[in-house]
Amino acid sequence: MNNFTVNFPSGKTDILFGNYFEQLNLSAKSRRIIIVCDQLVNKLYPKISEKNTIISIEALESEKTMDTAGFIYNKLIELKADRSTLLIAIGGGIVCDITGFVAATFYRGMPVILIPTTLLAMADAAIGGKNGMNVGFHKNLTGTIRQPEVIIIDTSFLKTLPIEEFRNGIAEIIKHAVISGDKLFSLLENNSELKSGTISKEILKIAMQVKIDIVLADEQETGLRRILNFGHTFGHIIELSEGMRHGEAVCIGMAMAAKLSERLNKCNQTTTERLLKLLNYYQLPSTSLLDINVITRQLVYDKKKYGNDLYFVFLEGIGKVVAERISHHKLEHVLLNIFHD
Ligand SMILES: NC(=O)c1ccc[n+]([C@@H]2O[C@H](COP(=O)([O-])OP(=O)(O)OC[C@H]3O[C@@H](n4cnc5c(N)ncnc54)[C@H](O)[C@@H]3O)[C@@H](O)[C@H]2O)c1
């Protein structure tokens, strides 16, 4: 895949492909670097810590908090980092989010390069500059939007990714397909190569481009960018309450959003069934064991909430979603109606 540059409104990001080590050497331009690395990835790829300063963290949702940010700030102080020090994230979405947040806040901003090592982070989390941090049991309630200087996509990391984690990445690619027209969705249907754990350059590139185009149009999420939250309103609650992988929880959230949209006559049954069939094809979940009352109670903490309303992303057809305000009361009523049947 060819390298390219994206000129986001708040800053440019170079997106580079190939061997992460070579690309990093070229991008670092002899600046001092400090790597924040997923502990497991560091074990699998010991070359990362050769001659490099590493801050190692565990990739757990429970660690994506201000405590971990504080731990990294203190390490940076100990290491006498300064504003010109280049912070590098090597890991999945959790490490990319935490490192991006630290880089945005420490010294009020340090340069950062993201090297995503999971499919989910390559296709989604590393792109767009958002860095969400959890507060207790509430997902991504704090965070920043600040573009990384460079994102390095080295798909050879995917060789060690367990198949469940690979599927977790397919989940966000499905989300990108559902919100962006029929082309990507059709490419995903009956794709035995992807199902068996290999992603083609074509699909990865299209999935990345969907996110890039949306962020280019609305970097600060005042409108269009909200559609990237398709499946996330319920997904985030399920993810933390059930301790489920992010992508898997988003799948359940997408299935619930589709059923809700259908009940409100925003989409037809064929659309919902086509989505459920695709999730099933990749062995991704579409139902939750969580009590629906737990979900409705948690909705008041959604960060897309405005007074008594919240922005919810409805499905209108494959490739077409819309973010609309709905009252919390109405959402709760329809949810209980569908899922208590
Ligand atoms: N900022 C955004 O725009 C955005 C978008 C989507 C998701 N996210 C966030 O991303 C997070 C989920 O990211 P994720 O699914 O990458 O999870 P993750 O970072 O927890 O990684 C998943 C697992 O894979 C392991 N792993 C990582 N790379 C590996 C490799 N190459 N080989 C073997 N194992 C490897 C990790 O140690 C971990 O156990 C969530 O916190 C979610 O909120 C952020």
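The secondary structure of this protein, seen here in a predicted model, comes to 14 helices and 12 strands. Its radius of gyration is 20 Å, close to the 20 Å that the globule rule gives for 341 residues, so the protein is as compact as a globular protein of that length. Along the principal axes, the C-alpha atoms fill a box of roughly 60 × 40 × 35 Å. Of the 341 residues, 45% are buried. If we take the contacts between residues at least 6 apart in sequence, 66% of them join residues at least 24 apart.

Let us turn to one helix. Helix α10 spans residues 232–242 and is mostly covered, with 8 of its 11 residues buried. These buried residues are H232, T233, F234, G235, H236, I237, I238 and E239. Their cover draws on both helices and strands: it includes α11 (246–263) and α13 (292–298), along with β8 (138–145) and β11 (309–317). Just after α10 comes G243, which takes a positive phi of about 60°.

Strand β11, part of the cover of α10, also belongs to an open sheet of 3 strands, ordered β10-β11-β12 with antiparallel pairing. At the edges of this sheet lie β10 (305–306) and β12 (320–327), each of which pairs on one side only. Between β11 and β12 the antiparallel pairing runs over 8 bridges. One place to look is F312, whose bridge partner in β12 is E324. Helix α14 (residues 328–339) packs on the sheet and touches β11 and β12, and its direction makes about 110° with that of β12.

Some backbone angles also deserve a look. Most residues other than glycine have a negative phi. Two residues in loops that flank α12 (269–281) are not glycines, yet have a positive phi:

| Residue | Phi | Loop | C-beta atoms within 10 Å |
|---|---|---|---|
| N265 | near 60° | between α11 and α12 | 7 other C-beta atoms |
| Q283 | about 55° | between α12 and α13 | 12 C-beta neighbours |

Are these two residues buried or exposed? N265 is exposed, with 7 other C-beta atoms within 10 Å. Q283 counts as exposed too, because it has 12 C-beta neighbours inside 10 Å and the cut-off for an exposed residue is 12 or fewer.

The helices on either side of these loops link back to α10: α11 and α13 are both among the elements that cover its buried residues.

Note on methods: Residues are numbered from 1 along each chain as its sequence is written. This is a predicted model: local features need pLDDT of at least 70, side-chain atom pairs count only at pLDDT 80 or more; totals for chains, interfaces and linings use all residues. A residue is buried if 20 or more other C-beta atoms lie within 10 Å of its own, exposed if 12 or fewer, and partly exposed in between; C-beta atoms are placed from the backbone. Helices (H or I, at least four residues) and strands (E, at least two) are DSSP runs, numbered from the N terminus. Two residues are in contact if their C-beta atoms, placed from the backbone, lie within 7 Å. Two strands pair if DSSP finds at least two bridges between them. Axes are lines fitted to C-alpha atoms, for helices over the stretch in contact, and angles run from 0 to 180 degrees between N-to-C directions. The radius of gyration is taken over C-alpha atoms; the globule rule is 2.2 Å times the number of residues to the power 0.38.
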